[in-house]
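Open the model in your viewer and keep the selection tool at hand. This tour goes from stop to stop, saying what to select and what is there.

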Amino acid sequence: MFGKRKLTDAVAFVDYEHWFYGYMNQFQMKPNVEQWLAELKQDFKIKNLYIFGDFSEPNIEHEMNRLKKITSGIVHTASEKLGIDKDFTDVIILDHIYRYASKKKSPEVYILFTGDAHFTKVAEYLKELGKRVIIYGVKSAFSNQLKSISTSYVEMPRQSQEKNHYYDLIFVSLNRLRSRPRTLVTYWKTVNNVAEYNKVPKERVQRALDNLMRQKYITESRKTGYRGKKIDVLTVDWDRVEKDGIWNG
């Protein structure tokens with residue numbers, strides 16, 4: 001019998017402000033740290049996970065309790081000094097990385113979640129120590145210089161994650177209408193409702209809806225509406241959606 005594959009030791013440092021605000025501003029998504037960590041654990045033995053951020057800001061303050069359930073390594077970077085900005089968080093992260101790298105038995109792999117070019121030098125330093133440096137960063141907020149110095153990098157969210165996010169928004173909206181059978185659900189009404197309710201771009205909702213229709217999870221058929229008017233109505237194959245695991249409400 002084959003034994004379990006031996007996993008390489010790794011440590012992870014997360015610039016949560018980069019991840020949280022990058023997702024919120026560009027994709028209207030929230031970080032799924034649990035999913036990301038589970039993915040890492042398939043290939044690495046995570047010795048420590050540190051998550052840094054100024055959690056005093058209204059948009060991000062509610063994330064603290066959720067993150068504490070994932071790791072005890074939460075570092076709150078808020079400062080009471082006037083004029084302190086985002087760079088202060090970067091300085092604290094950099095200090096932690098350099099200190100960790102100075103340990104005698106420092107892990108072979110360093111995983112950084114940040115897109116800031118400020119981390120180029122520390123990535124370079126880690127590689128000089130013989131470490132593998134894997135960097136995750138949010139699309140369109142990921143320094144090309146930082147990508148080039150990494151051993152490998154991953155742009156987030158992955159295409160599949162972004163696609164599934166919009167699938168979820170569509171199915172949640174359509175599921176709400178299941179209890180209102182007399183409501184006729186149309187293509188453009190769905191696109192507009194999902195976009196406006198979730199404050200997301202219409203073109204992304206439309207692209208996701210088109211994909212679901214191409215795969216026949218959602219179909220369009222002509223029905224007679226009020227006053228005899230013919231309307232193209234959307235119908236969801238809920239049994240197939242559930243069977244294929246596309247969405248589990």
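The stops below cover a cavity, three helix pairs and two backbone details. Keep in mind that the model is predicted.

**Stop 1: the cavity**

Select Phe 13, Asp 15, Ile 93, Ile 97, Leu 112, Phe 113, Thr 114 and Phe 119; these residues line the largest cavity. Now show β1 (8-15), α4 (86-101) and β4 (109-113), the elements that each give two or more residues to that lining. Colour the lining by class: six residues are nonpolar, one is polar and one is charged. The volume of the largest cavity is about 30 Å³. How many cavities of 30 Å³ or more are there? The count is one.

**Stop 2: α8 against α9**

Go to helix α8 (residues 187-198) and helix α9 (residues 202-214). Their axes come within 9 Å and cross at roughly 135°. Angles of 65 to 115 degrees count as roughly perpendicular and those over 145 as roughly antiparallel, so α8 and α9 are oblique to each other. The crossing of α8 past α9 is right-handed.

Show side chains next. From α8, select Tyr 187, Trp 188, Thr 190, Val 191, Asn 192, Val 194, Ala 195 and Glu 196. They meet Lys 202, Val 205, Gln 206, Leu 209, Asp 210 and Met 213 of α9. This contact of α8 with α9 has eight nonpolar, three polar and three charged residues.

**Stop 3: α7 against α8**

Keep α8 and add helix α7 (residues 159-176). Here the axes lie 10 Å apart, at an angle of about 110°. α7 and α8 are therefore roughly perpendicular to each other. On the α7 side, pick Leu 169, Ile 170, Ser 173, Leu 174 and Arg 176. Their partners in α8 are Thr 190, Val 194, Tyr 197 and Asn 198. By class, the contact of α7 with α8 holds five nonpolar, three polar and one charged residues. Thr 190 and Val 194 of α8 meet α7 here, and both also appear in the contact of α8 with α9.

**Stop 4: α7 against α9**

Hide α8 and bring back α9. How are α7 and α9 set, roughly perpendicular or roughly parallel? The angle is about 85°, with the axes 9 Å apart, so the two helices are roughly perpendicular. From α7, select Glu 162, Lys 163, Tyr 166, Tyr 167, Ile 170 and Phe 171. From α9, add Arg 204, Val 205, Ala 208, Leu 209, Asn 211 and Leu 212. The contact of α7 with α9 divides into eight nonpolar, one polar and three charged residues. Ile 170 of α7 takes part here and also in the contact with α8.

**Stop 5: two backbone details**

Centre on Pro 157, in the loop between β6 (152-156) and α7. The peptide bond joining Met 156 and Pro 157 is cis, with omega about -5°.

Then move to Ser 140, in the loop between β5 (132-138) and α6 (144-149). Its phi is near 70°, a positive value in a residue other than glycine. The tour ends here.

How values were computed:
Residues are numbered from 1 along each chain as its sequence is written. This is a predicted model: local features need pLDDT of at least 70, side-chain atom pairs count only at pLDDT 80 or more; totals for chains, interfaces and linings use all residues. Side-chain values use heavy atoms; hydrogens and water are left out. On a 1 Å grid over the protein atoms alone, a cavity is a set of points where a 1.4 Å probe fits but cannot get out, and a pocket is an open set with protein on both sides within 12 Å along at least five of seven lines; lining residues have an atom within 4 Å of a point. Grid points are joined across faces, edges and corners, and a volume is the space filled by probe spheres set on the points. Helices (H or I, at least four residues) and strands (E, at least two) are DSSP runs, numbered from the N terminus. Ala, Val, Leu, Ile, Met, Phe, Trp, Tyr, Cys and Pro count as nonpolar, Asp, Glu, Lys and Arg as charged, and the others, Gly among them, as polar. Axes are lines fitted to C-alpha atoms, for helices over the stretch in contact, and angles run from 0 to 180 degrees between N-to-C directions. Angles under 35 degrees count as roughly parallel, over 145 as roughly antiparallel, 65 to 115 as roughly perpendicular and the rest as oblique. A crossing is left-handed if the near helix is turned anticlockwise from the far one by less than a right angle, and right-handed if clockwise. Contact means heavy atoms within 4.5 Å.
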